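Q: I'd like to learn how to read a protein model step by step. Can you walk me through one?

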Amino acid sequence: MALSGSPPPGSYTGGGIPPPGSFVRTGRGARLLGGGRGGTVISAVSTLVVLGALAAIFLLAPGARAVEHAFFNPQDMWQSFIGNPRQGYYSVGAAFWLNKRMFVIAEVLILVLALLIALIRQSTHPALFPIRIIGTGYVDFFRGVPLILVIFAIGLGVPALSLPVVSTQSNAVYGVTALVLSYSAYVSEVYRAGLNSVHQSQVAAARSLGLRHHQALRHVILPQAVRNIIPPLLNDFISLQKDTALVGVLGTIEANKAADIYSEQVFNFSSFTVAAILFLILTIPLARFTDRLIERDRRRRLAGTTP
């Protein structure tokens, strides 16, 4: 039994709430490095040991030089980044802007369509029963079919229909359409989880104040639901950023396709390394931002307060 004047051995004495399962022992050091000066030193040493071991495995491997030339050739990395259409290959850096544009457009459309699907599935009005059935079938279908097959179906099937306007769009448009259809099914379930996380007392309180159903949904339920689902939404959009590379199977010159063309021209894979670095530059900041939101939400819940 611990004395009232001193904390028990191994207890957390920092100013914040200890993360679950982190085995925190002392105060206010950086949690990423373990906390305290001793934890920082140990973390730094262990990091150097692990990185040194990985570097040694790579450098001492029999085929290390061949892999280095094939994937990390500085000259080929630079040439693939800037491109040279006269020699038959495109700039991976310029093509990456198409990935970013596809991501932004798809993200906006997904947020709107997924919310509409979630609200339809949450509705209990008898007249909307057939639409709820369609919404359920939509979610089940597009969550069950691999994204690559959806891209092929839209990118090859829609032009074959020979419909005015619809069948004459670019491959990038068909790719974004496939991304929106597939990811909306996943994101709609995230929305539904957020809507269900709002306690019924909040709905009852809103109705008791005279708000109609759509007013309570807009001003009370949705704001709380969206706040709860921001971290999982950002995780889905990290995956969306990467999956824009799949649109290249339709012939669209995005970063991955440009890297593939370069590798076929010069028989070197350094262009894929450039594409990977560009995607990492885009996804890692969003991943760290997601971690911060998750941590802030965890602290708010454990403290029992709202920001």
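What follows is a chat about this structure, one feature at a time.

A: Happy to. Keep in mind that this is a predicted model.

Q: Let's begin with the overall fold. How many helices and strands does the protein chain have?

A: The secondary structure comes to eleven helices and zero strands. Reading from the N terminus on, the elements run α-α-α-α-α-α-α-α-α-α-α. Of the 307 residues in the chain, 36% are buried. Sequence separation is worth a look too: among contacts between residues at least 6 apart in sequence, 69% join residues at least 24 apart.

Q: How do I read a pocket, and what is the volume of the largest pocket here?

A: The general idea: rolling a probe the size of a water molecule over the atoms shows where empty space is left. In this model the largest pocket has a volume of about 410 Å³. It is lined by 13 residues, and the closest to its centre are Gln122, Ser123, His213, Leu217 and Ile221.

Q: Which helices supply the lining of the largest pocket, and what classes of residue are in it?

A: Helix 4 (92–122), helix 7 (171–197), helix 8 (200–208) and helix 9 (213–243) each supply at least two residues. Helix 9 gives the most, with three. By class, the lining has seven nonpolar and six polar residues, with no charged ones.

Q: Now a single helix. How many residues does helix 10 have, and what should they span?

A: Helix 10 covers residues 255–266, which is twelve residues, and at 1.5 Å a residue they should span 16 Å. The end C-alpha atoms are 17 Å apart, so the model agrees with that expectation.

Q: Which residues of helix 10 are buried?

A: A general point helps when you look at such a list: an α-helix has 3.6 residues a turn, so residues three or four places apart point the same way. In helix 10 the buried residues are Ala255, Ala258, Ala259, Ile261, Tyr262 and Ser263. They pack against helix 3 (74–82), helix 4 and helix 11 (270–303).

Q: What caps the N-terminal end of helix 10, and what comes just after the helix?

A: Glu254 is the cap, with a side-chain oxygen 2.8 Å from the backbone nitrogen of Asn256. Just after the helix, Phe267 takes a positive phi of about 55 degrees, although Phe267 is not a glycine. Phe267 is in the loop between helix 10 and helix 11, and it is exposed, with a relative accessible area of 75%.

Q: Where else should I look for a positive phi?

A: Try Ser162, which has a positive phi of about 60 degrees although it is not a glycine. Ser162 is in the loop between helix 6 (147–160) and helix 7, and it is exposed, with a relative accessible area of 61%.

Q: What about Thr244: is it buried or exposed?

A: Thr244 is found in the loop between helix 9 and helix 10. The relative accessible area of Thr244 is 0%, so it counts as buried.

Q: And what does Thr244 touch?

A: Leaving out residues up to four places away in sequence, Thr244 touches Asn99, Met102, Phe103, Leu179, Glu254 and Phe279. You've met Glu254 already, as the cap of helix 10. The side chain of Thr244 makes a polar contact with the side chain of Asn99 at 3.1 Å, and also reaches the backbone oxygen of Gln241 at 2.7 Å. For a feel of how the chain folds back, take Thr244 and Ala106: they are 138 residues apart in sequence, with their C-alpha atoms 9.4 Å apart in space.

Note on methods: Residues numbered from 1 in each chain as written. Predicted model: local features only at pLDDT ≥ 70, side-chain atom pairs only at ≥ 80, totals over all residues. Heavy atoms only, no water. 1 Å grid on protein atoms, 1.4 Å probe; cavity = no way out; pocket = protein on both sides within 12 Å on 5 of 7 lines; lining within 4 Å. Points joined across faces, edges and corners; volume = space filled by probe spheres on them. Helix = DSSP H or I, 4+ residues; strand = E, 2+ residues; numbered from the N terminus. Nonpolar A, V, L, I, M, F, W, Y, C, P; charged D, E, K, R; others polar. Expected span 1.5 Å × (residues − 1). Buried < 20%, exposed > 50% of the residue type's maximum accessible area, 1.4 Å probe, protein only. Contact = heavy atoms within 4.5 Å. Polar contact = N/O pair within 3.5 Å; in protein donor to acceptor, adjacent residues only side chain to side chain.
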